[in-house]
Amino acid sequence: MADRNTLRRGAETPNPMTDEVAKDLTERWRQKLSTTRMNELQSRSSSPAPRGFASQTPHSAPPPSYSSLRNIPLVPMPPQDHKQLRFKNLMHSLSNMPCRWENPGLLDEALKAIPLEQIYNEAEEESQIFKAEAESLGTGKKPAWGYQDCVVRALLRWFKRSFFTWVNNPPCSQCYSPTIAYGMAAPLPDERARSATQVELYKCSVEECGCYERFPRYNDAFVLLQTRKGRCGEWANCFSMLCRAVGSRVRWVWNSEDHVWTEVYSVHRKRWIHVDSCEEAWDRPRLYTEGWGKKIAYCVAFSADGATDVTRRYVRNILKYGLERTRVPEAVLHYIIAEIRANRRANMSKQDKFRLQGEDMREERELRYNYITAIAQEICKINPEDILKPGNGAGNRRADPDAQKAAEGRQSGEAEWIRRRGEGGRGTPGHQNENPPDLPPR
Ligand SMILES: [Zn+2]
């Protein structure tokens, strides 16, 4: 207050300085500011470029001190300490998963495990239904899903209902009784050779039997074609590989709260589609948050083309379902993702790189659109009366348009989740799209 008064007084009273001196001083001050800001900016832009910076001197410039610089987009920052490096190593090691499927010989072999004719027939039939639906809506309407989408949808149904089995505790192989978790064991040489790095041990619950059951956790999708069982890790690994085998571009999505799933690129929709094989879920990215009520910090999608932070696809309401992101500063996550992209795209042609950059930008727009839409929805829920009369309470709240949707999915929780995994009933195909229609053009 005192400052403001002084300032106002200064403006009102005649200035003892001549205009010349004042002008000169102002100009010098402006130049000083400009040079300092320029220097800061240059030191930032000489910081690592987002690609091809494998051998980089550690960048330790302090963040800019001018508030005028705060709105500059996040500049990637290399990991600074042990904890951040560990996260970087984790990301890099996870990013290898989709590369293991890029083996044409093995993918051909994998196709032999699929009843291709049945899947193509189902896909053909369903894509005709989508076409007819679109036509009935009027000329110029695009079918909801294309043929390739329908192939993956048919694959998903077959995989969940007829091929893969969920395993919590494997039953006793001697007397088929339930077993009790006993601990971990070292993999046997043949288990190790088939890609198991961990083996869970279970003991038969029948005293007289006393058998031990081994449950090797195989990492190789092609081994999983034979074992055909596991938990979400095995499901997502094997199913994603099969999507690749039928010719789709595929991503493996890692979630920091211990779940993994698949994303498939829809050429028809020109966007990545959420697919969870354990749940037979197609394009239901809100399943985990609004459905199961889970809180999520990170979802990172890995593909043979790079990595993307896709958290905003799965966590729409950050306030309600977002967990604090404490693994690394956001600038470091940017750096790590840019590094993985650069690695994966290093040997690609200029055109391919350009195309992928375009896709990245398009997806960024989609994710930003999700984010802004969610905020707008939250704002729409605010009742003006609540603001005008504080303490009016939630009783006067407007009906929440999302509440019903969330309630539909809330029949979840861990127990419900497990129960539903055993379910084989045929769901209603094609009408579970929770996403907004395809992106606005810009
Ligand atoms: Zn037994």
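In the predicted model, helix α6 (residues 147-163) and helix α9 (residues 232-245) pack against each other with their axes 11 Å apart and at an angle of about 140°. An angle over 145° would count as roughly antiparallel; α6 and α9 are therefore oblique to each other. The crossing of these two helices is right-handed.

A zinc ion is bound by the protein through four cysteine sulfur atoms, namely the SG atoms of C172, C175, C204 and C209. These donors lie 2.2 to 2.3 Å from the metal. The angles among the 4 donor atoms span 100 to 115°, and the site is tetrahedral. Along the chain, the donors of the zinc ion are arranged with the spacing C-x2-C-x28-C-x4-C. Distant parts of the chain are linked by the pair C175 and C204, which are 29 residues apart. Of this pair, C175 belongs to the loop between β1 (165-166) and β2 (179-185), whereas C204 belongs to strand β3 (residues 196-204). The accessibility of each member of the pair was also computed. C175 has a relative accessibility of 32% and counts as partly exposed, while C204, at 5%, counts as buried.

Strand β3 also takes part in an open sheet of 3 strands, ordered β2-β3-β4, in which the pairing is antiparallel. The edges of this sheet are formed by β2 and β4 (212-218), each of which pairs on one side only. From one strand to the next, the twist averages 30°. Between β3 and β4, the antiparallel pairing extends over 7 bridges, and Q198 is found opposite R217 in β4.

A second open sheet contains 6 strands in the order β9-β8-β7-β6-β10-β11, again with antiparallel pairing. Its edges are occupied by β9 (281-282) and β11 (306-309); each has a single partner strand, so one side of each is left without a neighbour in the sheet. In general, the strands of a sheet pair through backbone hydrogen bonds.

Within this sheet, strand β7 (residues 259-266) is largely enclosed by the rest of the structure, because 8 of its 8 residues are buried. The residues that point one way from β7 are H259, W261, E263 and Y265, and those that point the other way are V260, T262, V264 and S266; all are buried.

On one side, β7 runs antiparallel to strand β6 (residues 250-255), to which it is joined by 6 bridges. V250 has V264 of β7 as its bridge partner. The hairpin formed by β6 and β7 has 3 residues between the strands, and D258 in this hairpin adopts a positive phi near 70°.

Strand β7 also pairs with strand β8 (residues 271-276), in the antiparallel sense and over 5 bridges. Among the facing residues, S266 stands opposite R271 in β8, and E263 stands opposite H274 in β8. These two strands form a hairpin with 4 residues between them, and K270 in the turn has a positive phi of about 55°. Strand β7 thus takes part in two hairpins, one with β6 and one with β8.

Notes:
Residues numbered from 1 in each chain as written. Predicted model: local features only at pLDDT ≥ 70, side-chain atom pairs only at ≥ 80, totals over all residues. Heavy atoms only, no water. Donors = N, O, S within 2.8 Å, 3.2 Å for Na, K, Ca; no water. Tetrahedral: all angles 85-135°; square planar, octahedral: opposite > 155°, others 65-115°. Buried < 20%, exposed > 50% of the residue type's maximum accessible area, 1.4 Å probe, protein only. Pairing = 2+ DSSP bridges. Axes fitted to C-alpha atoms, helices over the stretch in contact; angles between N-to-C directions. Parallel < 35°, antiparallel > 145°, perpendicular 65-115°, else oblique. Left-handed = near helix turned anticlockwise from the far one by under 90°.
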